[in-house]
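Let's take a walk through a structure together, starting with the overall layout and then stopping at a few residues. Have the viewer ready and follow along.

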Amino acid sequence: MNRSTSMASSQSFKEQFVMTDDGLNLYVREYGADDPMTAEQLPLLCLAGLSRNSRDFHQLALQFSAHDSSPRRVIAIDYRGRGLSDRDPDSNRYQLPVEAHD
């Protein structure tokens with residue numbers, strides 16, 4: 001995946017789009033990215049279920065990224081066709097191996 005230059009800021013998380021190998025833009029929320037203390041901890045990657053998206057993790061991500069003693073960087077991704085990510089025009093690519101590669 002290649003990072004796209006489209007990026008916006010929010011109070012509690014950064015928003016960005018990451019381009020897949022086949023050209024779709026996937027939406028990513030990143031919490032705690034600017035906090036130097038999060039570099040000391042492993043990041044937490046949040047992957048939603050079949051019909052869910054990154055918004056489902058907002059409260060959890062706020063808690064982990066703002067933890068007093070061990071804040072974590074939290075990354076929540078919208079799979080292709082979900083949330084704010086691009087829809088894939090080829091329905092055959094909505095399958096586990098393709099989404100795992102994303």
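The protein chain contains two helices and five strands. Keep in mind that this is a predicted model. Starting at the N terminus, the elements follow the order β-β-β-β-α-β-α. Of the 102 residues in the protein chain, 32% are buried. The accessible surface of the protein chain amounts to about 6400 Å², and carbon and sulfur atoms account for 52% of that surface. If you look at contacts with a separation of 6 or more, 54% of them join residues 24 or more positions apart.

Now for the aromatic rings. The structure has two aromatic pairs. In one of them, the ring centres of phenylalanine 13 and tyrosine 31 are 5.2 Å apart and the planes meet at 45 degrees, so the pair is tilted. Tilted is the term for planes that are neither under 30 degrees apart, which would be stacked, nor over 60, which would be edge-to-face. The two partners are 18 residues apart: phenylalanine 13 sits in the loop between β1 (2-9) and β2 (14-19), while tyrosine 31 belongs to strand β3 (residues 25-31). Phenylalanine 13 is buried at a relative accessible area of 10%, and tyrosine 31 is buried too, at 0%.

Stay on strand β3 for a moment, where you will also find tyrosine 27. Is tyrosine 27 buried or exposed? Its relative accessible area is 2%, so tyrosine 27 counts as buried, given that the cut-off for buried is under 20%. Beyond its neighbours within four places in sequence, tyrosine 27 touches a set of residues including Phe13, Phe17, Ser54, Ile77 and Leu84. Glu15 is another of these contacts; the C-alpha atoms of tyrosine 27 and glutamate 15 are 7.3 Å apart, with their positions 12 residues apart along the chain. There is also a polar contact at 3.4 Å between the side chains of tyrosine 27 and arginine 29.

Our last stop is serine 65 in helix α1 (residues 58-65). Serine 65 is buried, with a relative accessibility of 12%. Where does the side chain of serine 65 find backbone oxygen? A polar atom of this side chain lies 2.8 Å from the backbone oxygen of alanine 61, and the side chain also reaches the backbone oxygen of leucine 62 at 3.4 Å. Outside its neighbours within four places in sequence, serine 65 is in contact with Tyr31, Gly32, Asp35, Pro71, Arg72 and Val74. Tyr31 in that list brings us back to the tilted pair with phenylalanine 13.

Conventions:
Residues numbered from 1 in each chain as written. Predicted model: local features only at pLDDT ≥ 70, side-chain atom pairs only at ≥ 80, totals over all residues. Heavy atoms only, no water. Helix = DSSP H or I, 4+ residues; strand = E, 2+ residues; numbered from the N terminus. Buried < 20%, exposed > 50% of the residue type's maximum accessible area, 1.4 Å probe, protein only. Contact = heavy atoms within 4.5 Å. Areas by Shrake-Rupley, 256 points an atom, 1.4 Å probe, with all protein chains shown as cover. Phe/Tyr/Trp six-rings, centres within 6.5 Å; stacked < 30°, edge-to-face > 60°. Polar contact = N/O pair within 3.5 Å; in protein donor to acceptor, adjacent residues only side chain to side chain.
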